[in-house]
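This report takes a protein model from its overall make-up to its cavities and then to its charged pairs. Please keep the sequence and the coordinates in view while reading.

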Amino acid sequence: MTDVCGCPVSRRKLLAAAGAGAFAGLIGDQLATQLAFASPGYSGDVFVLLSLRGGFDGLSAVVPAGDAGYYAARPDIAVAKAKLLGGDSFFGLNPGLAALLPYWKNGSLGAIQAVGQPAPNRSHFSAMEELERAAPGTSVRTGWLDRMMGGLGSDEAFGAVSVGSAMPARVLAGPVPDLGLSSIDSFSLSGEQGMAAAMASLYSGAPDALARTAAMTTSALATTAKLKAAGYTPANGATYPDSELGKALKDVARLIKANVGLMSACVDSGDWDMHENLGAAGPGQKMYDHLAALAAALAAFAADLGPAGLGRVTLVTISEFGRRVQQNGSGGLDHGYGNAMLVLGGGVRGGKVYGRWPGLSAGDLVDGDLAVTTDYRAVIGEILKARCGVTDVSGVFPGVSPSTLGMVKSR
């Protein structure tokens, strides 16, 4: 038999996937988007995790213009105060984020500065692994989003879906099932029917746990086929950029509005590892253009959902580490520590920057990097408790209590 890609498929291959509790990897390409679907009755927010992979420079996005150390450390790439948007007397937004300014002004977009992991880790691979496992000093090996979903009872056909990547992110590693697809519209109806028949045949007479895996897969294929057949037009004049991120967020919005029980979505956006030619804040400059593309996709997502839809969504950005405070000799920034997170949603108390600012003077830095004063897990824990109904945050993040920043309203 063959799979939807026309490749030979065996019961052993499918059993191996089932044994891992995962359906991811059936179809995929470079952009990773993962989705988790709750059991009926879930009334919390759809939690959207946007991973800015490569080491996002939070100091370029949420600029500490009130700290003279910022301008001293970056004579060629600092964002001039006159160009900053929104903000207050100390912080301002990079002008590349202009598409998000309306959401900053209406309070549905906020930021946290000097946030990050408990200890510095400047290796892309190990830092991302720790970011997604989120249990340093323990023997826990599951991903924190898998733990969250398990605690909230996610065990349906769309328990988790990976869109765009052949492999699920480590944040979803664990016993909660996940399904892989490149995008909603990439599914072939004939392919889906063939996969359903193959699964039914291969799992005939299998133990209950494995038979249920097959049933969940075919159910997910059927749901996706219906969405594809229905087509999709973004609402409220939203225009998504023709980028991998734009397409992924469009699919997330499509699933949210289809009311298929979406609990969580994980989307990856890469190419933030800017060791050279980061540039000042203007069109044609690397960081500016990347931020503008990010903002355009997020603004389209928010517009498409509309106020009511955004009212039941909270999106957060994370990255494995920040960048050095001091620019390097190539007009870029090397791997650092402290960073910024963005939070978008109807329950956000936005229009401001949260967190304790540690300062950029030499004595305030950690080996030349921005210090971390707020654990990213505590920030997410506050959101999960206030917006998603997680009662025991320590079950998701061992040994961590939710932050008390007050950046989101309780549902």
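The account below starts with the fold as a whole, then turns to the cavities, one strand residue and the salt bridges.

The structure is a predicted model. The protein has 11 helices and 12 strands, and 55% of its 411 residues are buried. Of the contacts between residues at least 6 apart in sequence, 75% join residues at least 24 apart. About 15,400 Å² is exposed by the protein, with carbon and sulfur atoms supplying 53% of that area.

A search of the whole structure finds 3 cavities of 30 Å³ or more, and the largest cavity has a volume of about 130 Å³. Its lining consists of 18 residues, among which Val115, Gly116, Gln117, Ser319 and Glu320 lie nearest the centre of the cavity. Strands β5 (109–116), β9 (313–318) and β10 (339–345) each supply at least two residues of this lining, with the largest share, 3 residues, coming from β10. By residue class, the lining of the largest cavity divides into 10 nonpolar, 7 polar and 1 charged.

Val115 and Gly116, named above for the cavity lining, also appear among the contacts of threonine 374, which include Ala114, Gly355, Arg356, Val379 and Leu405 as well once neighbours within four places in sequence are left aside. Threonine 374 is found in strand β12 (residues 374–375) and has a relative accessible area of 10%, so it counts as buried, the cut-off being under 20%.

The structure holds 15 salt bridges, and three of them are listed here with their N to O distances.

| Basic residue | Acidic residue | N to O distance |
|---|---|---|
| Arginine 53 | Glutamate 132 | 2.6 Å |
| Arginine 323 | Aspartate 273 | 2.9 Å |
| Arginine 377 | Aspartate 375 | 2.7 Å |

Arginine 53 forms its salt bridge with glutamate 132. Because arginine 53 lies in the loop between β2 (46–52) and α2 (58–61) while glutamate 132 belongs to helix α5 (residues 124–133), the pair ties together parts that are 79 residues apart in sequence. Glutamate 132 is buried, with a relative accessible area of 2%, and a network of salt bridges links Arg53 and Glu132 with Arg170 and Asp268.

Arginine 323 and aspartate 273 meet through their side chains in a salt bridge. Arginine 323 sits in the loop between β9 and β10 and aspartate 273 in the loop between β8 (262–269) and α10 (286–310), so this pair ties together parts that are 50 residues apart in sequence. Arginine 323 is buried at 2% relative accessible area, whereas aspartate 273, at 31%, counts as partly exposed. In the remaining pair of the table, arginine 377 is buried, with a relative accessible area of 8%.

Definitions and conventions:
Residues numbered from 1 in each chain as written. Predicted model: local features only at pLDDT ≥ 70, side-chain atom pairs only at ≥ 80, totals over all residues. Heavy atoms only, no water. 1 Å grid on protein atoms, 1.4 Å probe; cavity = no way out; pocket = protein on both sides within 12 Å on 5 of 7 lines; lining within 4 Å. Points joined across faces, edges and corners; volume = space filled by probe spheres on them. Helix = DSSP H or I, 4+ residues; strand = E, 2+ residues; numbered from the N terminus. Nonpolar A, V, L, I, M, F, W, Y, C, P; charged D, E, K, R; others polar. Buried < 20%, exposed > 50% of the residue type's maximum accessible area, 1.4 Å probe, protein only. Contact = heavy atoms within 4.5 Å. Areas by Shrake-Rupley, 256 points an atom, 1.4 Å probe, with all protein chains shown as cover. Salt bridge = Lys/Arg side-chain N within 4 Å of Asp/Glu carboxyl O.
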